[in-house]
Amino acid sequence: MNNKIISRALKLALCGCCAAGLSAPLAAFAAGTSNKPSSETWTGTLPIAPFGPFQRIYMPQNAPSAANRAGFPHEWTSVYANARHNAAFPVSHDAPAWLRQGVGWNYAEARAWPLSDKLPFGDKVYGEREALPVQTQFMGNALGVTAVDGVIYAESDDMFAYALNARTGQLIWRASPLQNNLMGDPVVAGNSVYLSAGSVSFNFAHVIKYAKTGKTSRGEDESFNGVVSLNKNTGKFQWLFLTQGEAMPTPAYAYGALFVSTGAGNVFAIDASNGRKIWETHVGGIANMSDPVVYKGRVYLSMSVVPYVYCLDAKTGKVLWKQTIKGAVNTGMGDVAPVVDNGIVVQDTVADKRVHDGHKTVDTIIEAMSAKTGKILWKANMGRGPLPPRLQGRHADDP
């Protein structure tokens with residue numbers, strides 16, 4: 001990733017962020033923004049050198065046959081497939097035998113290490129405790145994969161996205177459309193696959209700003225952040241929605257729109273067909289890996305610093321209610337996506353940091369809230385354990 005090729009002749013086309021001409025049902029509810037743009041839609045040429053290491057690879061001969069597409073979901077609209085976060089799907093009786101019986105294969109990503117290695121890469125320099133999260137955050141998949149129509153889609157922290165034949169594991173296409181980590185669960189709807197990009201890091205200026213003001217944005221000025229749309233069959237670039245803060249969370253797709261939260265405390269609704277902004281709401285805090293979900297016309301998400309679960313109107317972006325979990329550790333709620341079903345929102349977090357016998361520990365709390373009002377319905381204490389490891393570059397106030 002150290003070699004950067006910049007073409008002087010490169011020209012990037014900027015598209016306005018107005019909502020005029022939107023085909024999505026939400027278009028009528030477009031809202032204004034602040035004087036300083038917090039996002040922009042790009043549809044021009046990406047800064048990728050022809051025949052370079054980040055050029056898209058497309059191998060159509062490896063695409064699944066029509067028979068091997070049977071039995072799979074036809075779309076994937078949220079992190080872990082749906083608002084319930086239950087990625088299991090029934091296999092029909094006419095599904096191919098290999099899908100009913102199971103299949104196994106391995107695929108080495110662009111940055112890969114042997115599965116037989118017992119210790120994380122770099123453990124001698126960083127120590128095993130620090131090397132583990134570094135390897136996880138920057139060298140592989142942070143979330144699960146997506147299975148649609150016989151294809152496995154995966155994002156990777158190595159800055160590449162992959163489409164693989166679900167039966168054989170063969171590469172159909174590989175693309176690296178944006179210079180940043182890809183940590184989400186690819187969303188697939190219609191003929192498109194949507195990726196979210198963002199860095200976990202803060203730079204020194206962010207730490208100084210936080211020390212002075214108690215506020216900062218995650219991922220801003222670290223690299224390019226945003227949501228990318230690719231053709232699901234070929235991996236060809238379609239559009240890019242750039243954001244100030246990181247856009248690590250997986251977007252949620254509903255009503256022809258994508259809903260995404262960022263490290264700058266913003267929540268966006270984006271027209272899924274062209275990447276243009278429909279509305280924007282600033283709720284504050286930081287979205288880490290807490291992915292929005294959509295349920296009955298509402299958008300649910302959680303933020304950290306300060307920790308809250310938010311419920312927004314999907315049409316307008318208006319905040320309908322917010323709720324917190326007392327004692328939540330700084331990034332705890334912002335790292336876990338809420339689950340919504342049967343009129344209930346379930347959120348968990350690490351909380352109540354304490355020192356026991358010289359060791360830092362945290363509790364794990366689960367709370368259920370009314371999806372309509374945010375009222376707390378019940379709370380469960382799951383027990384205390386060691387404070388999880390974290391990256392030194394995350395935040396001055398991280399645990």
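**Aromatic rings and their partners**

In this predicted model, lysine 322 lies over the face of tyrosine 308, with 4.4 Å separating it from the ring centre. A second charge over a ring is found at phenylalanine 160, where the charged end of arginine 174 sits 4.3 Å from the ring centre. Phenylalanine 160 also has aromatic company: together with Phe54, Tyr107 and Tyr162, it forms one aromatic cluster.

Turning to rings that pair with each other, a search of the whole structure gives 11 aromatic pairs. One of them joins tyrosine 153 and tryptophan 173, whose centres are 6.2 Å apart and whose planes make an angle of 50°, a tilted arrangement. This pair links distant parts of the chain, since tyrosine 153 belongs to strand 5 (residues 151-155) and tryptophan 173 to strand 7 (residues 171-175), 20 residues apart. Tyrosine 153 has a relative accessibility of 3% and therefore counts as buried, the cut-off being under 20%. Tryptophan 173, at a relative accessible area of 1%, is buried as well.

Phenylalanine 241 and phenylalanine 268 offer another example: their ring centres lie 5.2 Å apart, and because their planes meet at 75°, over the 60 degrees required, the pair is edge-to-face. Here too, distant parts of the chain are linked, with phenylalanine 241 in strand 11 (residues 237-243) and phenylalanine 268 in strand 14 (residues 266-271), 27 residues apart. Both phenylalanine 241 and phenylalanine 268 are buried.

Definitions and conventions. Residues numbered from 1 in each chain as written. Predicted model: local features only at pLDDT ≥ 70, side-chain atom pairs only at ≥ 80, totals over all residues. Heavy atoms only, no water. Phe/Tyr/Trp six-rings, centres within 6.5 Å; stacked < 30°, edge-to-face > 60°. Helix = DSSP H or I, 4+ residues; strand = E, 2+ residues; numbered from the N terminus. Buried < 20%, exposed > 50% of the residue type's maximum accessible area, 1.4 Å probe, protein only. Lys NZ or Arg CZ within 6 Å of the ring centre and 35° of its normal.
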